[in-house]
Amino acid sequence: MKIVLASGSPRRAKILKDLGVDFEVVKTDAPEVSYPADPERTVRENALAKGAAARSVPHSHPSSDRLRGSLRSGDTFPVPHSPFPILSADTIVWFANRIYGKPRDLEEAKEFLRELAGNVHTVFTGVAFDGEVKVVRSDVKFRELSEATIEEYVARVRPTDRAGAYDIDESGDLIVESYSGSYENIMGLPVEPLKEWGIA
């Protein structure tokens, strides 16, 4: 089954590739909501909004070479919405009734890591597939982090592109002590809903 991934996240794309899913990527700029007292509602609404935004992006006919990355003039005609099912997701880090999204800059990224150090936080991901939404949560415990470790981590990883300023799959051993729940959820795309929907 061919699907559209409404996300520019390389981590989500990596998960789908590892699962052998046939997909194309459509990036969207859907506005996001934030309800610190209700993280599940936050990721649910954002995932749906991203899916809706991707559906409004003009696509080519399913026979198009564009869907294989090589559009040639005259091959296709545009259609008003995606001819394929759309998968979208939104991930947040939640701790002490605060939502940690992507930091604005390196200084805010370091502040996020200082606040999460030594604590257990929750990662929520809302996953939407053609209008149906599932929310998955995982708990992550950070190590106690020295300033030297924080500096090393932000030098290794591009933290401004990650919710909570970190990626468990990239130098996660530096900062993560333990976790429970779905590892892929912490990366940004849990596989459990994908299996339920027959995507994986």
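## A tour of the fold, helix 4 and aspartate 29

Of the contacts in the protein with a separation of 6 or more, 63% are between residues 24 or more positions apart. The model on screen is a predicted one.

**Whole chain.** Start with everything selected. The protein has six helices and nine strands. Its 200 residues include 49% that are buried. Now show the surface: the accessible area is about 9,600 Å², and carbon and sulfur atoms hold 48% of that area.

**Helix 4.** Next, select residues 147–156, which form helix 4. Which residues of helix 4 are buried? They are Thr149, Ile150, Tyr153 and Val154. These buried residues lie on the same side of helix 4, because they cover an arc of only 125° around the axis. To see what covers them, add residues 106–116: this is helix 3, which is included in the cover over the buried residues of helix 4. Then turn to the face of helix 4 that points away from its buried side, where the exposed residues Ala148 and Ala155 are found.

**Aspartate 29.** Move on to the loop that runs between strand 2 (22–25) and helix 2 (39–55), and select aspartate 29 there. Is aspartate 29 buried or exposed? Its relative accessibility is 79%, so aspartate 29 counts as exposed, the cut-off for exposed being over 50%.

**Last stop.** Keep aspartate 29 selected and add alanine 6. Along the chain these two residues are 23 residues apart, and 9.9 Å separates their C-alpha atoms. Draw a distance line between the two C-alpha atoms to end the tour.

Note on methods
Residues are numbered from 1 along each chain as its sequence is written. This is a predicted model: local features need pLDDT of at least 70, side-chain atom pairs count only at pLDDT 80 or more; totals for chains, interfaces and linings use all residues. Side-chain values use heavy atoms; hydrogens and water are left out. Buried means under 20% relative accessible area, exposed over 50%, partly exposed in between (1.4 Å probe, protein chains only). Helices (H or I, at least four residues) and strands (E, at least two) are DSSP runs, numbered from the N terminus. The arc is that of the directions from the helix axis to the C-beta atoms. Contact means heavy atoms within 4.5 Å. Accessible areas come from the Shrake-Rupley method with a 1.4 Å probe; for residues, only the protein chains shown count as cover.
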